[in-house]
Amino acid sequence: MNITKRIITFLICTVLTLSLVCIPAAAAYSGKTYYINTAQELADIRGNGSYRLGTDIDMTGFDWDGIKSFSGTLDGNGYTISNLSSDKGLFGTLKSGAVIKNVRLENCTIVTDSKYIGAIASYIPANAENVQILNCSVNGTVETRYANTSRMNFCGALVGVAKSASAVVSECRSGAYVAAKYGVGGLVGLNYGTVEKSAFTGYLSHYGNDHINCSCGELHKTLAYTARIQGGICAVNRGTVTGSAVLAYMKEAEYIGMISGIDIKGYGSVKDCIALNDCGEWTEEPSKYNAVSNILSSKEYKKVG
């Protein structure tokens, strides 16, 4: 292992270790907090209430239909939600004031035909103010098989599309397999908000390709399909990515950026990040590859269809 990769691995391990430390529970909540101890209780979450996991929850065999809309607080409390298998993530839409923190999704399989998907939330609308996703992790598979042509076809391990400028993803991480036809982001597909102090150590691909373990083994093979845009943190960034790290396996896309596939000029920014493509080489050099991101104007981006 060369010195560059050792440094990046050390930094990523530091981010992951620090982010595993659960935010200490408050002595009391204002109002009533509902404790969630079963898969059914998780499915019954609604509205703008305050919810907290009271134990690990195994979703094996549960018919998960997602929480369609949420503007309250869900605190994972250091517990794990495991084996969720569905065509929907935890939340469909996060609205103003929503706070999702300390949630750990392990061995999830989320595969859909929808335009965008994320294991924590599929969509954060532009008018949603102060949405926060804090100290969350996702491992498993997150994939959209939406086959039509659309510049709104995005997949992220945590969030599919975050169109709110005030949305924050902080101290989160994923080692998931993430796949889509158009835009594939390690943490967020399309980002208008802020992603900070986070890490991605997984594998990005076009849907339909074989899963490959991101651990420098039999990685260098020609894949059957290619995505348009891949980014280690975001596929397309119109917001801010800062203080984050990537050690991921990425290949076979038209636009590849180790932090963001495309930054929209004058809007997107990347600061104080570090990244390395797992194994450090490509089968074929992507036509648009950048160690950080490809910077395009809004007009140029509209042509990437």
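This report covers the salt bridges and the main parallel sheet of a predicted model.

## Salt bridges overall

Side chains of opposite charge can pair when their charged atoms come close. In this predicted model the count comes to six salt bridges. Three are described below, along with a network.

## A buried pair

Asp75 and Arg52 join their side chains in a salt bridge, at 3.5 Å from N to O. This pair links distant parts of the chain. Asp75 sits in strand 5 (residues 73–75). Arg52 sits in strand 2 (residues 50–53). The two residues are 23 residues apart. Both Asp75 and Arg52 are buried.

## The network around Asp65

Four residues are linked in a network of salt bridges: Asp65, Lys68, Asp87 and Lys88. Within it, the side chains of Lys68 and Asp65 meet at 3.1 Å, N to O. Why does Lys68 count as exposed? Its relative accessibility is 58%, and the cut-off for exposed is over 50%. Asp65 has a relative accessible area of 40%, so this residue is partly exposed. That value falls between the limits of 20% and 50%.

Asp65 also forms a salt bridge with Lys88, at 3.3 Å from N to O. Where do the two residues lie? Asp65 is in the loop between strand 3 (57–58) and strand 4 (67–70). Lys88 is in the loop between strand 7 (85–86) and strand 8 (91–94). The pair therefore ties together parts that are 23 residues apart in sequence. Lys88 counts as partly exposed because its relative accessibility is 30%.

## The parallel sheet

Eight strands form an open sheet. Their order is 4-8-12-16-21-26-30-34, and the pairing is parallel. Which strands are at the edges? They are strand 4 and strand 34 (293–296). Each of these edge strands pairs on one side only. From one strand to the next, the twist averages 10°.

Strand 4 and strand 8 also border the loops of the Asp65–Lys88 pair. Both strands appear in the order of the sheet.

## The strand 34 edge

Strand 30 (residues 260–264) pairs with strand 34 in the parallel sense. How many bridges does this pairing run over? The answer is four bridges. At Ser260, the bridge partner in strand 34 is Ser293.

Methods: Residues numbered from 1 in each chain as written. Predicted model: local features only at pLDDT ≥ 70, side-chain atom pairs only at ≥ 80, totals over all residues. Heavy atoms only, no water. Buried < 20%, exposed > 50% of the residue type's maximum accessible area, 1.4 Å probe, protein only. Pairing = 2+ DSSP bridges. Axes fitted to C-alpha atoms, helices over the stretch in contact; angles between N-to-C directions.
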